[in-house]
Structures are given as C-alpha cells and as structure tokens.
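Student: I'd like a close look at one part of a model, with the cut-offs spelled out as you go. Here it is.

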Amino acid sequence: MTERLPTGNKRLDEILNGGLLKNAINLIVGVPGSGKTILSQQVAFCNATVERPALYLSTLSEPLDKILRYGESLTFFDRTAIIERRVVYEDLGQQLGESGLDEVLDTVDRHLRQVRPAIVVIDSFRAFQAMASDVGSFRQFLYGLVRRLTAAAVTTIWNAPYTREQAEAEAEFAVADGIIALDIQQMAEREVRVVQVMKLRGSGYRSGEHTYRISQDGLEVFPRLAEVQVDSGYRLSRKHSATGIAALDDLLGDGGFWEGATTLIAGPSGIGKTLMGLHFLYHGAEAGEPGILATFHENETQLSRIVSSFGWSIENPGVHILARGVVGMNIDEWVYELLDLVEKTGASRVVIDSLGDLDVAAGDRIRFREWVFSVTQRFTRAGVSLMFIVEVPDLFQLRRISDEGISHLADNVILLQYVQEGPELTRAVTVLKTRAMQHRPIVHRYEITSQGFVLGDVVSVAR
C-alpha cells in the first residue's frame with residue numbers, strides 16, 4: 001500500500017484508508033470558511049519534526065500574520081515547533097503582487113534548499129492561477145512547480161477555494177494525486193459541513209459524504225455509518241437477556257430476548273414505551289450488564305423524577321444517560337458519541353428513545369435507513385442488546401409500525417396499544433415477532449403500577 005501521512009484526526013484517516021498520500025500532491029478544495037487552512041496546518045503540525053520539517057507558504061488569500069493569529073487559537077498549534085523550525089512559515093504574497101509568477105519558482109527552489117522540508121503547504125494555490133497572464137503560462141508554471149516538488153520527494157498540500165464542480169475543471173485537478181473536498185451544505189434550517197474524497201490515486205477510500213465540525217482541536221470528522229452486510233460468520237450468544245418485566249418475559253417464553261438481539265418497541269404516546277426501556281436497563285444493571293439510555297425527550301432532571309417513582313436511582317453506576325436535544329443535532333456526530341460511550345462503559349444494553357427523533361435529525365430518509373441498518377449490524381456483531389423505541393400515530397388497532405420498513409431489521413417486535421372498553425382505555429401488549437424463538441402473538445391487557453408492568457388476561461381487539 002502507498003505510504004500515508006496522518007492528518008491529525010483518526011476518523012479522517014479511516015476515510016482516507018490511512019491518511020494523505022505521502023510524497024504526492026494532495027489538493028484540498030472547498031468554499032471559503034470550510035476549514036481548508038485549518039486542515040492544512042493540522043497536517044503540518046501533526047507530522048513535522050526537526051529532521052523532516054513542514055514548510056508553509058502563504059500567497060494572496062490571507063496575510064501570513066492573520067493565518068498565524070487564528071492558528072494560535074487551535075490546540076495543535078505549537079509555538080515551540082516554530083521556534084525549533086519544525087514548522088516554517090514563509091509569505092509569497094508580496095512577491096506575487098509585485099512580480100507575478102516570474103520569480104516564484106526560484107523562491108520555492110531556495111526554500112526547498114534551505115528548509116529541506118518533508119511537507120510543503122501552499123495556501124492558497126488559486127492565487128497562482130489568478131496572477132498568470134494566460135492559461136498557457138499558468139500550465140507552464142504548474143509543470144515547473146510539480147517537477148520541483150516531485151524531485152524533492154516532499155508531501156505537498158495545496159488548498160484552493162473551489163467548489164467540487166469548479167475543481168474538476170481546473171488543471172490542478174489533473175495533476176493532483178489526492179483530492180479532498182470540504183463543503184457547507186444547507187439542510188432545512190441547519191448548515192452541515194461535509195467532507196468527500198474525490199480522488200486518491202492508486203488507493204481505496206470510504207466513498208460518499210461524511211460530516212465534520214471545526215473545533216479548537218481542528219477538524220473532527222464523523223464518517224457516515226455504512227456497514228456492509230456481513231457475509232462471514234460471527235459468534236452469537238446463546239444467553240437470554242431478561243427484560244426485567246415478568247409479564248413480558250412470560251410471553252417470550254425463554255426468559256427474555258436473545259443476548260445481542262435488536263428489539264423494536266412500538267406504540268402510541270403515553271403507553272409505557274420509555275418505561276419498558278428503563279426496566280430493561282435497570283434489570284441489566286442489577287445483573288451486572290451496564291446499559292445506556294440515549295434519549296431526546298427528557299433531560300437527567302426529568303428522568304430522575306420518573307425513575308425514582310419506580311424505586312430506581314439516576315445515580316446508578318450501571319445505567320448511563322446520553323440526553324441530547326434533537327434541535328440542531330448532527331446524527332453522525334451523535335452516533336460516534338454513543339459508540340464511544342458504549343466502549344468506555346462496557347455497555348451490553350442500549351435503549352434509543354426514539355427512532356422518530358433520529359429520523360428528523362438525519363434529514364434524509366435514505367441516510368436514516370442506512371444509519372439504522374449500520375447501527376443494528378454493528379451492535380449485533382458486538383453482542384450488544386439494542387432496543388429501539390418508536391412512536392406510532394394510531395391509538396387503537398395499529399396498522400403499521402414504521403413508514404421506513406425498519407421492523408424487518410429487528411429480531412423482536414413488541415406492540416403496545418390502547419383497547420377501548422366502554423368509557424375506559426385499557427393498555428395491551430402483543431409480542432408480534434421474535435426471531436429464532438417460539439411465541440404466541442396474543443393481545444394481553446397490562447397495567448402500570450408502582451411495581452412496574454402487571455400482565456392481565458387476554459383481550460379481544462375489535463376490527
């Protein structure tokens with residue numbers, strides 16, 4: 001495999017199959033404000049050493065002192081690296097403004113001899129094109145620059161304020177070995193930053209658009225979850241995970257769900273879906289199986305009141321709460337936060353409340369279905385029992401569970417519904433589906449008491 005240069009962000013390196021191409025020309029394009037300069041500096045500081053320094057050449061896009069001033073606010077920016085000349089900044093702007101391209105190649109030659117860099121960054125490369133007298137002179141300049149950088153065996157990073165469509169028509173696109181596009185897209189009322197690999201010569205990479213954000217640590221990237229169907233075998237547990245609800249475990253017959261199974265709890269508002277998820281988590285905590293409640297409905301203060309009424313504590317070390325508001329939430333960033341929390345806590349049970357909120361956050365139906373499939377695949381392989389909660393609009397006689405065909409991904413489907421008996425509404429539960437387990441899809445009454453769910457007798461549901 002072609003040698004790689006890490007970018008300073010582990011997840012971006014995963015997308016790039018290890019990092020930027022080493023001893024090659026890497027082009028970073030994007031609209032103004034998309035983070036091209038930040039990413040270029042991030043790579044430079046991540047890799048520069050005294051023996052193999054980084055040379056950062058600014059042109060006419062921004063004055064060098066401005067690049068340095070804003071760079072100092074980032075955690076990866078190391079003043080010691082500049083003092084020790086591990087990272088060397090030089091300004092070509094004044095020379096370009098006074099002499100155009102005539103003397104730039106000689107200046108680049110001089111810097112290559114004096115600094116002997118392993119990395120050369122040019123920010124922004126588009127200034128060279130703007131200062132060329134015509135297309136022919138720019139192409140001649142481009143050829144001369146590429147020849148020098150190739151002979152010096154350096155890893156080159158050019159960034160330029162092109163959109164993806166503009167970049168494909170430029171001469172730089174043809175000579176670059178790797179091309180990364182940064183973009184800012186409007187999604188309803190929100191702006192979403194996306195990164196896409198457009199080209200990586202002689203190498204595979206993770207295709208498609210991946211979201212990212214800019215923080216004090218630089219670019220933080222969240223690769224889209226796009227798990228492929230697993231063809232190779234993997235071990236499935238033979239254990240059962242009790243739900244903590246005796247009534248439901250009785251209906252399931254074997255003491256609960258298969259460990260590592262995915263369960264869908266569907267029902268209308270107020271029927272007890274969240275409570276069923278809490279039973280599952282707190283029973284797991286008592287059995288030494290840590291769990292996570294990922295919720296978009298209640299914060300920890302509201303949840304504390306709910307759980308305390310059933311004798312539980314929000315401070316239980318075996319139950320972790322990931323409470324986030326759906327407004328302005330990035331679903332890709334959120335899921336990596338969840339995956340990190342699963343790894344950190346060793347959670348073996350996860351309840352997501354609810355799928356409808358994630359659908360809204362995804363902003364795209366295809367992306368949402370892809371996300372659900374990927375999360376289900378990943379947790380199944382890891383042996384993590386996953387419970388999705390979905391609210392349905394029908395109060396009585398549920399006719400559908402999801403408009404997205406999500407139920408087929410679940411190993412178990414539990415329906416909660418209201419049954420009208422005269423002036424009163426009765427709660428009813430049905431085990432609609434249990435994969436690889438026998439069950440009877442019978443409608444049972446149940447009540448919610450201070451002790452939890454209490455199963456009642458069979459009820460007839462009128463058509």
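Student: How does the lining of the largest cavity divide into nonpolar, polar and charged residues?

Tutor: First, some housekeeping. This is a predicted model, in which local features need pLDDT of at least 70 and side-chain atom pairs count only at pLDDT 80 or more, while totals for chains, interfaces and linings use all residues. Residues are numbered from 1 along each chain as its sequence is written, and side-chain values use heavy atoms, with hydrogens and water left out.

On to your cavity. The lining of the largest cavity has nine nonpolar residues, no polar ones and no charged ones. Here nonpolar covers Ala, Val, Leu, Ile, Met, Phe, Trp, Tyr, Cys and Pro, charged covers Asp, Glu, Lys and Arg, and polar takes the others, Gly among them. The lining residues are Ile245, Ala247, Leu248, Leu251, Met276, Val429, Tyr446, Phe453 and Leu455. Helix H11 (246-252) and strand S22 (452-458) are the elements that each give two or more residues to that lining, and H11 gives the most, with three. Helices (H or I, at least four residues) and strands (E, at least two) are DSSP runs, numbered from the N terminus.

How is a cavity found? On a 1 Å grid over the protein atoms alone, a cavity is a set of points where a 1.4 Å probe fits but cannot get out; a pocket is an open set with protein on both sides within 12 Å along at least five of seven lines, and lining residues have an atom within 4 Å of a point. Points are joined across faces, edges and corners, and the volume is the space filled by probe spheres set on them. The whole structure holds three cavities of 30 Å³ or more, and the largest has a volume of about 50 Å³.

For contrast, take an open site. The second largest pocket has a volume of about 380 Å³. Its lining has 20 residues, with Gly33, Lys36, Thr37, Ile38 and Glu62 nearest the centre. Helix H2 (36-47) and helix H3 (64-71) are the elements giving two or more residues to this lining. By class, the pocket lining splits into seven nonpolar, nine polar and four charged residues.

If you're checking backbone geometry too, a few spots deserve a look. Most residues other than glycine have a negative phi, and most peptide bonds are trans. Asp123 and Ser124 are joined by a cis peptide bond with omega of about 0°, and Ser124 sits in the loop between strand S6 (119-123) and helix H7 (126-131). Another cis bond runs from Asp353 to Ser354, with omega near 15°.

Two arginines have a positive phi. Arg85, in the loop between helix H4 (79-83) and strand S5 (87-91), has a phi of about 60°. Arg85 is partly exposed at 48% relative accessible area, whereas Arg116 is exposed at 65%; buried means under 20%, exposed over 50% and partly exposed in between (1.4 Å probe, protein chains only). Arg116 has a phi near 50° and lies in the loop between helix H6 (104-115) and S6.

So, back to your question: the lining of the largest cavity is made of nine nonpolar residues, with no polar and no charged ones, because Tyr counts as nonpolar along with Ala, Val, Leu, Ile, Met and Phe.
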